[in-house]
Amino acid sequence: MNIENRTAVVTGASSGLGYEFSKKLVNKGATVYGLARSEDKLQKIQDELGDAFIPVVQDVSNHDDIEKWVSDTFGENLTPDILINNAGIGLFGPVDELPREDWEAMINTNVNGVFYLTRQLVPHMKKSSSHSHIINIASVAGLLGNPNISGYNASKFAVRGFSEALFKELRYDKIKVTCMYPGSTATDFFEKAGADTHPNMMRGHDVADTLVHILETPDNFLINEIMLRPLNPKNPNEES
Ligand SMILES: NC(=O)c1ccc[n+]([C@@H]2O[C@H](COP(=O)([O-])OP(=O)(O)OC[C@H]3O[C@@H](n4cnc5c(N)ncnc54)[C@H](OP(=O)(O)O)[C@@H]3O)[C@@H](O)[C@H]2O)c1
């Protein structure tokens, strides 16, 4: 796909990976609808990136609001070409101490949010004469379970299953589906999760370069899954 003049929807655009994805896409000539809940952060990003970044204050876990925004925005005159389902939260803890509200918040945002926006945008993509691309941002935690992140694991394994099914379902509609599994990346994610970081995290702009590469592949070429890792997260030969 040639990204220039395409229309993209990026969720979780107010910080971290979503901000980096939006920036790369705008620099490639796309118009980006950036969704998140923090109006002030989205506004600052528009101040930086210009009018090609359109702030959209939306909670992806609110089905009715998402449905209304999609029907108000897209139609005969405007088709979404790219959907980056990136909004996500991590709330960690032993299963017997993980509050039910935290479990539900992760499922509502990381899983239901992906479904709500996808099901609303796919009909528009199916009608498009050109190729479209949906990229779901899972995590290495969508492939490997680990202690104290059971709820996050469950949500990201769900994104994997959803993505695999969609890839097979939508390929004959000229819609590519990719599931991306990043490892630890330097964003606000770990601070919000109250989890430890390490000095060798990946950089968001490098993850965004990979996303652009996946989008720019030829029409009959699909990278449907990709795992990204820091080379040296915690060197056992170095004192901590
Ligand atoms: N950082 C990592 O190491 C890492 C590794 C693997 C996968 N991931 C995944 O990458 C994605 C992006 O995370 P990040 O690292 O960039 O973290 P981040 O900086 O905390 O960004 C998360 C984004 O999601 C948005 N968001 C959260 N809940 C939302 C909701 N209900 N509706 C709309 N937007 C919502 C946040 O904006 P508002 O708060 O303004 O709504 C923010 O823009 C997540 O899905 C995360 O699971 C991250």
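Which residue in β3 is the bridge partner of glycine 34? In this predicted model, where local features need pLDDT of at least 70, side-chain atom pairs count only at pLDDT 80 or more, and totals for chains, interfaces and linings use all residues, that partner is proline 55. Residues are numbered from 1 along each chain as its sequence is written.

Helices and strands here are DSSP runs numbered from the N terminus, with at least four residues (H or I) for a helix and at least two (E) for a strand. Two strands pair if DSSP finds at least two bridges between them. On that footing, β2 (31–36) pairs with β3 (residues 53–57) in the parallel sense, over 5 bridges. Along with glycine 34 and proline 55, leucine 35 stands opposite valine 56 in β3. β2 also pairs with strand β1 (residues 7–11), again parallel and over 5 bridges, and here valine 9 has tyrosine 33 of β2 as its bridge partner.

Helices link these strands into β-α-β units. β1, α1 and β2 make a right-handed one, and so do β2, helix α2 (residues 39–49) and β3. Right-handed means that, with the strands pointing away from the viewer, the path from the first strand over the helix to the second runs clockwise. As for burial, a residue is buried if 20 or more other C-beta atoms (placed from the backbone) lie within 10 Å of its own, exposed if 12 or fewer, and partly exposed in between. In β2, 5 of the 6 residues are buried, so the strand is largely enclosed by the rest of the structure.

Now for the ligand. A residue is near it if its C-beta atom, placed from the backbone, lies within 6 Å. Of the 32 residues around the ligand, Gly12, Gly16, Arg37, Ser38 and Gly88 come nearest. Two or more shell residues each come from α1 (16–27), β2, α4 (100–127) and α6 (189–193), with α1 giving the largest share, 3 residues.

Over at α4, the 28 residues should span 40 Å at 1.5 Å a residue (counting one less than the number of residues). The end C-alpha atoms are 40 Å apart, which agrees. Even so, α4 has a kink of about 40° centred on asparagine 112, the bend being the angle between axes fitted to the seven residues ending there and the seven starting there. Proline 99 sits in the loop between β4 (82–85) and α4. Proline 99 is exposed because just 11 other C-beta atoms lie within 10 Å.
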